[in-house]
Amino acid sequence: MILLLKRGINLIKIVKSYLISRITKRVIHWGNPLAVSIEPNNSCNLQCPECPAGMKELTRPRGFMEPALFRSIINQLLPHLSYLTLYFQGEPFMSKHFFDFISYATSKKIFVATSTNGHFLDAATVQKTIASGLNRLIISLDGADQQSYEAYRRGGDFNKVITGIRLLVSEKKRLKKQTPQVVLQCLVLSSNEHHLDEIRKMAKELGADKLEFKTAQFNDFEHGNPLMPETTKYSRYKPPAHPLTRSPVHQFTPKNRMPDSCFRMWSSCVVTWDGLVVPCCFDKDATHVMGDLTKQGFRDIWRGTRYNDFRKKILRNRKSVGICGNCSQNF
């Protein structure tokens with residue numbers, strides 16, 4: 001009860017200071033993060049074309065977070081942290097400390113979610129996943145068969161993922177466990193947009209708790225991409241104006257109206273495997289480092305001049321911040 005009260009007061013502080021900042025265009029910041037993403041590692045077993053980790057295009061070093069650093073981060077964020085996303089770049093199940101991370105966070109009454117491509121869900125890993133106390137597991141399923149799946153998940157095995165999902169759901173039932181919640185997530189692409197009904201039926205047959213269709217991010221979206229879906233509902237971008245309209249815009253543009261505000265800058269952040277604090281999940285290459293948790297305390301970074309200067313830039317001219325160009329955050 002006391003923990004809920006503290007987290008509730010923290011939420012009120014964050015929301016209040018954020019609203020004041022939006023109105024005044026001055027950075028007022030109270031409270032501590034509600035949610036944080038921590039990167040166990042930034043390597044992956046697949047080669048998805050729009051993923052810098054899979055394509056080995058990250059310019060920052062590759063590596064795995066050490067347990068001591070993870071525990072230090074969690075301890076600094078207590079008691080206000082409510083939600084932990086144990087994922088950023090890379091495949092988190094490749095970390096040998098992954099389940100220890102989950103167990104430590106859940107022991108502190110933190111809701112823990114992660115995202116996987118599903119290729120490591122064998123019998124032993126499924127047992128560890130359930131035992132760890134993980135609350136939510138998002139599994140990427142971007143197709144209805146091997147052909148539609150591997151158009152994006154290059155190097156992936158569709159049947160292996162399906163087998164892993166069946167194992168997890170079956171073992172949850174056998175143990176009479178409610179967690180982890182199994183969420184199947186499908187990036188809607190030109191390769192699978194005509195199979196969405198099949199994917200819905202598949203998710204139901206597999207016994208998933210939830211199915212989510214998600215818009216895909218493309219790095220070079222202006223000139224289009226063969227994987228962009230034709231269905232505008234599931235596209236993050238507006239197609240170029242028809243030449244007959246004589247519009248000066250002849251390239252794809254984001255649907256996001258990009259207001260000069262972003263609640264994430266007040267409520268959450270991302271920590272890379274080596275302890276760098278970056279503003280959000282769109283800063284994949286850590287181009288906007290707010291601080292280094294191997295050298296500084298979290299509070300000093302969160303309240304620091306560098307972070308507040310970045311928040312000020314978001315409030316006054318968000319479009320000038322490169323990582324915001326692909327963002328779907330509208331408030």
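Trainee: Why does S95 count as buried?
Mentor: Its relative accessibility is 5%, and buried means under 20% relative accessible area, exposed over 50% and partly exposed in between (1.4 Å probe, protein chains only). So 5% puts S95 in the buried class. Before we go on: this is a predicted model, where local features need pLDDT of at least 70 and side-chain atom pairs count only at pLDDT 80 or more, while totals for chains, interfaces and linings use all residues. Residues are numbered from 1 along each chain as its sequence is written, and side-chain values use heavy atoms, with hydrogens and water left out.

Trainee: Where is S95 found, and what is S95 in contact with?
Mentor: S95 is found in the loop between β2 (83–85) and α3. Helices (H or I, at least four residues) and strands (E, at least two) are DSSP runs, numbered from the N terminus. Leaving aside neighbours within four places in sequence, S95 is in contact (heavy atoms within 4.5 Å) with P40, N41, F64 and F101.

Trainee: F101 belongs to the contact of α2 and α3 as well. What makes α2 roughly parallel to α3?
Mentor: Helix α2 (residues 67–77) and helix α3 (residues 98–107) pack at about 20 degrees, with axes 11 Å apart. Axes are lines fitted to C-alpha atoms, for helices over the stretch in contact, and angles run from 0 to 180 degrees between N-to-C directions. Angles under 35 degrees count as roughly parallel, over 145 as roughly antiparallel, 65 to 115 as roughly perpendicular and the rest as oblique. About 20 degrees is under 35, so the pair is roughly parallel.

Trainee: Which residues make that contact, and how do they split by class?
Mentor: From α2 come P67, F70, R71, I74 and N75, and from α3 F101, Y104 and A105. By class there are six nonpolar, one polar and one charged residues; Ala, Val, Leu, Ile, Met, Phe, Trp, Tyr, Cys and Pro count as nonpolar, Asp, Glu, Lys and Arg as charged, and the others, Gly among them, as polar.

Trainee: Why is the pair R166 and E205 called a salt bridge?
Mentor: A salt bridge is a side-chain nitrogen of Lys or Arg within 4 Å of a carboxyl oxygen of Asp or Glu. R166 and E205 have N to O at 2.9 Å, so the pair qualifies. R166 lies in helix α6 (residues 158–175) and E205 in helix α7 (residues 196–206), so the bridge ties together parts 39 residues apart in sequence. A search of the whole structure finds seven salt bridges.

Trainee: How do you know that E212 and K210 form a salt bridge?
Mentor: The closest N and O atoms are 3.4 Å apart, so the pair passes the cut-off too. E212, at 26%, is partly exposed, and K210, at 41%, is partly exposed as well.

Trainee: In the bridge of R174 and E171, which partner is buried and which is exposed?
Mentor: R174 has 54% and is exposed, whereas E171 has 12% and counts as buried. Their N to O distance is 2.6 Å, and both lie in helix α6, three residues apart, about one turn of the helix.

Trainee: What makes V169 buried?
Mentor: V169, placed in helix α6, has 8% relative accessibility, so V169 counts as buried. Beyond its neighbours within four places in sequence, V169 is in contact with V182, L206 and G207.
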